[in-house]
Amino acid sequence: MSALPAAPLRSPGPPLRPPRAKKDESFLGKLGGTLGRKKRAKEVSDLQEEGKNAINSPMTPATVDIHPEDTLLEENEERTMIDPTSREDPKFKELNKVLIDWINDVLVEERIIVKQLEEDLYDGQVLQKLLEKLADRKLNVAEVTQSEIGQKQKLQTILEAVYDILRPHGWAIKWNVDSIHGKNLVAILHLLVALAIHFRAPIRLPEHVSVQVVVVRKREVMTPSPRAADGASAILDAFDTLFDHAPDKLSVVKKSLITFVNKHLNKLNLEVTELESQFADGVYLVLLMGLLEGYFVPLHNFHLTPENFDQKVHNVSFAFELMQDGGLKKPKARPEDVVNLDLKSTLRVLYNLFTKYKNTE
């Protein structure tokens, strides 16, 4: 439980053996009717809007504001998230609104409009302007920086200035560069509340605001699991944690990845609704890689209508080769696991594509 202070204040390889074409089945046959299927405008609109909110930095708070990045972490990385129930607490919503309105009032002359704290403050740009205005001092930082390193350097300078202001008054520092840049809303709120109180902001902060937080950390096992004997990794990654400890978040991650793949597959009038089954034969994976990398994959390089397990494994393996040609590391998942409808393996493969190509049009 984290309590907040109360008032006062992201080229195909050599040709492979051509597969035996199934009688009367062409490329158009594989698309099977989807080329002629009309989509209802409202369904398309809803799907695009939901994907935009889940992946491309939503600008309005959502009931369950979980990005794939929130649960899929690097080695030894830890992330703190606010429990969705706490996000719906009236006092928490009020605190967010009061702080957003305050920032916008202070920066009205800068023509800066903040809509969502974690999305608008993480890079340091708004924090710089806010602190300069409140403390009536100019900070020696770059006005605009797009690189992660540059943003963190800028945040370091800003937070050092904040430390100098608050430390003499006994404030407990509950934020740092990584938490602010990582869009940790708890840390951002602690920082803003401290600034508002210290500079005697003409606002009324709701009293006794507290939030329930969920800490997600990547973990490892020290001894192999039974699956390791089959060649599967003994290391438990964030997907193991997701399946074991946050199954309620799984649907959100799946929906975000479905939106991502459909953004590109829709160009071929293809649409995915079930990740584990529709990627199991490897065809959509191959076509998706061609779309993401901007080339046409020759049909003789893979089985467009695979008839058996081996042909499906060939397709998935070929897709993995295309991924490596595109600069990605060899997927940790085995092609056989994807073909066997292992959802966790499929999610791992698709998430790697998401992280590299999520901003690709």
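Helix 15 has 17 residues, which at 1.5 Å a residue should span 24 Å, and its end C-alpha atoms are indeed 24 Å apart. The expected span is 1.5 Å times one less than the number of residues. Helices here are DSSP runs of H or I with at least four residues, strands are runs of E with at least two, and both are numbered from the N terminus. The model is a predicted one, in which local features need pLDDT of at least 70 and side-chain atom pairs count only at pLDDT 80 or more, while totals for chains, interfaces and linings use all residues. Residues are numbered from 1 along each chain as its sequence is written, and side-chain values use heavy atoms, with hydrogens and water left out.

Several residues of helix 15 are buried, among them Gln 311, Val 313, Phe 318 and Phe 320. Buried means under 20% relative accessible area, exposed over 50%, and partly exposed in between, with a 1.4 Å probe and protein chains only. The cover over these buried residues includes helix 14, helix 16 (335–339) and helix 17 (343–357).

The packing of helix 14 (residues 283–293) on helix 15 (residues 309–325) has an angle of about 20°, with the axes 8 Å apart. Axes are lines fitted to C-alpha atoms, for helices over the stretch in contact, and angles run from 0 to 180 degrees between N-to-C directions. The two helices, helix 14 and helix 15, are therefore roughly parallel to each other; angles under 35 degrees count as roughly parallel, over 145 as roughly antiparallel, 65 to 115 as roughly perpendicular and the rest as oblique. On the side of helix 14, Val 283, Leu 285, Val 286 and Met 289 meet residues of helix 15 that include Asn 315, Phe 318 and Leu 322. Contact means heavy atoms within 4.5 Å. The residues of this contact divide into nine nonpolar, one polar and no charged. In this division Ala, Val, Leu, Ile, Met, Phe, Trp, Tyr, Cys and Pro count as nonpolar, Asp, Glu, Lys and Arg as charged, and the others, Gly among them, as polar.

Helix 17 also helps to cover helix 15. Of the 15 residues of helix 17, 12 are buried, so this helix is largely enclosed by the rest of the structure. One of them is Leu 343, which counts as buried because its relative accessibility is 13%. The C-alpha atoms of Leu 343 and Lys 254 are separated by 9.8 Å, although these residues are 89 residues apart along the chain.

A second pair of helices offers another geometry to examine. The axes of helix 5 (residues 90–106) and helix 10 come within 11 Å and cross at roughly 60°. That angle makes helix 5 oblique to helix 10. Among the residues in the contact are Phe 92, Leu 95 and Trp 102 of helix 5, together with Leu 185, Leu 189 and Val 193 of helix 10. By class, this contact has 11 nonpolar, one polar and no charged residues.

Helix 10 (185–198) is also among the elements that cover the buried residues of helix 8. The loop between helix 7 and helix 8 holds Asp 136, whose phi is near 55°, a positive value in a residue other than glycine. Most residues other than glycine have a negative phi. Asp 136 counts as exposed, because its relative accessibility is 71%.
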